[in-house]
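Here is a short walk through one chain, from its overall layout down to a few residues worth a look. Keep the structure open as you read.

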Amino acid sequence: MRKVHMFEAKSGDVLAVDIYEPNGAVLLAKGVKLTDSYIRGLRENGIRHIYMIARKTPMPLG
């Protein structure tokens, strides 16, 4: 899990934790794959950081 600024979020990233509305309702649940639309909506709602499942990085050859 890693914390990222919303401007680092990319379509296809996967949420590691739920994101809640101010009234306590779940806005986006953990495990959701972000889309450009979700990212735009989160930014417009003042979300600055989110927790993502760490991207797998390729192992170096050799």
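A nonpolar core, as the term is used here, is a set of buried Ala, Val, Leu, Ile, Met, Phe, Trp, Tyr and Cys residues joined through side-chain atoms within 4.5 Å. Bear in mind that this is a predicted model. With that in hand, the largest nonpolar core has 11 residues: Val4, Met6, Ala9, Leu15, Ile19, Leu28, Leu34, Ile39, Leu42, Ile50 and Met52. Both α1 (36-44) and β4 (49-52) put at least two residues each into this core.

**The overall layout**

The chain has one helix and four strands, and reading from the N terminus their order is β-β-β-α-β. Of its 62 residues, 21% count as buried. About 4,700 Å² of the chain is exposed, with carbon and sulfur atoms supplying 55% of that. If you take the contacts between residues at least 6 apart in sequence, 57% of them join residues at least 24 apart.

**β1 meets β4**

β1 and β4 pair up in the antiparallel sense, over four bridges. Val4 has Ile50 as its bridge partner in β4. Setting aside neighbours within four places in sequence, Val4 is in contact with Arg48, His49, Ile50 and Met52.

Which side chains of β4 point to one face and are buried? Those are Ile50 and Met52, while His49 and Tyr51 point to the other face and are not buried. That fits a general pattern: in a regular strand the side chains alternate between the two faces of the sheet.

**The loop before β4**

Two residues are worth a stop in the loop between α1 and β4: Arg48 and Ile47. Arg48 counts as exposed because its relative accessibility is 62%, and the cut-off for that label is over 50%. Beyond the residues up to four places away in sequence, Arg48 touches Val4, His5 and Met6. Ile47, with neighbours within four places left out, is in contact with Met6, Ile19 and Leu42.

**Leu34, a buried loop residue**

Leu34 lies in the loop between β3 (26-28) and α1. Is Leu34 buried or exposed? Leu34 is buried, because its relative accessible area is 2% and buried means under 20%. Leaving out residues up to four places away in sequence, Leu34 touches Ala9, Lys10, Ser11, Gly12, Asp13, Leu15, Leu28, Ile39, Leu42, Ile50 and Met52.

Here are three pairs that involve the loop residues above, with their C-alpha separations.

| Pair | Apart in sequence | C-alpha to C-alpha |
|---|---|---|
| Arg48 and Val4 | 44 residues | 8.5 Å |
| Ile47 and Ile19 | 28 residues | 9.1 Å |
| Leu34 and Leu15 | 19 residues | 7.4 Å |

**Asp13, a buried acid**

Asp13 turned up among the contacts of Leu34, so let's finish there. Asp13 sits in the loop between β1 (2-5) and β2 (19-20). Its relative accessible area is 6%, so Asp13 is buried. What lies 2.9 Å from a polar atom of the side chain of Asp13? The backbone nitrogen of Lys10 does. Not counting residues up to four places away in sequence, Asp13 touches Arg2, Glu8, Val32, Lys33, Leu34, Met52 and Arg55. Among these contacts of Asp13 are Leu34 and Met52, which are also listed in the largest nonpolar core.

Definitions and conventions: Residues are numbered from 1 along each chain as its sequence is written. This is a predicted model: local features need pLDDT of at least 70, side-chain atom pairs count only at pLDDT 80 or more; totals for chains, interfaces and linings use all residues. Side-chain values use heavy atoms; hydrogens and water are left out. Buried means under 20% relative accessible area, exposed over 50%, partly exposed in between (1.4 Å probe, protein chains only). A polar contact is a pair of N or O atoms within 3.5 Å; within protein, one must be able to donate a hydrogen and the other to accept it, and residues adjacent in sequence count only if both atoms are side-chain atoms. Contact means heavy atoms within 4.5 Å. Accessible areas come from the Shrake-Rupley method with a 1.4 Å probe; for residues, only the protein chains shown count as cover. Two strands pair if DSSP finds at least two bridges between them.
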